[in-house]
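This report describes how the helices and strands of one structure are arranged. The sequence and the model are shown first.

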Amino acid sequence: MKCFGFKNSNIYVFGKGIEKTSLCIENGKIKKIGNNIKDNAFIELDEKYIVLPGFVDKHTHGANSADFMNPSKEKIKLILSAISKEGTTSCLATTMTQSIDNINLSLQTIASYIEEKPLGVEILGVHLEGPFISPKHAGAQPIKYIIPCDIKTFEELNKEARNHIKQVTLAVEEDGLELVKYLKAKGIVVSLGHTDCTYEEAIEAVNEGATSISHMFNAMRGLHHRNAGTVGAGLLSDELKCELICDLIHVSKPVVQLLYENKGKDGICLITDAMEAKWMPDGDYQLGGQKVIVKNGVARLEDGTLAGSTLKMNEAIHNFMQATGVSLLDAVDLATINPARCLHIEDKKGSIEVGKDADFVIVDKDLNVYMTICRGEIVYSKL
């Protein structure tokens, strides 16, 4: 169902904060914001609701018993339908380390789905997480399929993805510097992750174009007093925007505080890194062909390794507020304008401004989601 706009409602207008105002939507875009808009077809929200920009999740593997690594178009729809309920309006479909043939099958299906331009939560492109990672920090990625960084292999993968790969997580120390340069030249986000790179190697990657760190603190060389490691580079380099899985399981509250104290609100992107068990009950699931046991909402391989999350994006924002004491709007920016900027799509996504896509989530002060709107279409509502 189409939404034509809001009138006399609490709206987070970028650069101004929450204002009691009105907003007009036309052809899936924000046409006008202001109190002089009057239309009986517009939605007038109760005082307890706030209109926020839709959340942008640039690192998610699945939900609703479906995974982007084993997708059909029907399974992709299951994932997107589920994440709309947490306020996510756009995402990167994230793959993982597997055989090249299996990755290619995933890329082909995702690319076909993107090019059909369906209504609903928008897949912005692919986040290729692996296979160019370090076996020393594989995490829940199958070690037997890990390979060194290679431009030719990437080109073949991107051909199967029909050039829809927008972000690559890689270990630069695995012959990765030339690939970093190549990706930078192509406008593809380079994210350091699943890596054993030293501080010096990380900074060299930054100098050649790396701009992101995948799930900061997790699956990377940590901070040591004689080598600051990947973590130290993330904390000290303004060029590196740090993804954060803020379920308070992958990263503790004090470490979330440490990250915020070093990076500020502009240097962090909240992600879910969610797998197929999100929006599902505890039980046995799969991740990249591996058995995952979900107990009390925590996903682990049989050996106890954390295997993605079941985190919802609205919960991530709430957890970040609780851990750091920041305001609602500052925390929301970490899930909206920050990832949009990191992906270079801030001209279309990430904030409520005239000319941008009409992507919204309606929440209460506790971040409970009541409605999600993607490009002017209501895709979820319990109002």
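## Two packed helices

Helix 5 and helix 6 are oblique to each other, because their angle falls outside the classes of roughly parallel (under 35 degrees), roughly antiparallel (over 145) and roughly perpendicular (65 to 115). Helix 5 covers residues 199-208 and helix 6 residues 229-236; they pack at about 45°, with axes 7 Å apart. Axes are lines fitted to C-alpha atoms, for helices over the stretch in contact, and angles run from 0 to 180 degrees between N-to-C directions. Helices (H or I, at least four residues) and strands (E, at least two) are DSSP runs, numbered from the N terminus.

In helix 5, Tyr 199, Ala 202 and Ile 203 meet Gly 229, Gly 232, Ala 233 and Leu 236 of helix 6, where contact means heavy atoms within 4.5 Å.

## Basis of the model

The model is predicted: local features need pLDDT of at least 70 and side-chain atom pairs pLDDT 80 or more, while totals for chains, interfaces and linings use all residues. Residues are numbered from 1 along each chain as its sequence is written, and side-chain values use heavy atoms, leaving out hydrogens and water.

## The sheet

Eight strands form an open, parallel sheet in the order 5-8-9-10-11-12-13-14; strands pair if DSSP finds at least two bridges between them. Strand 5 (55-60) and strand 14 (268-271) each have a single partner strand, so one side of each lacks a neighbour in the sheet.

Within the sheet, two bridges join strand 11 (residues 189-192) to strand 12 (residues 212-213), and Leu 192 stands opposite Ile 213.
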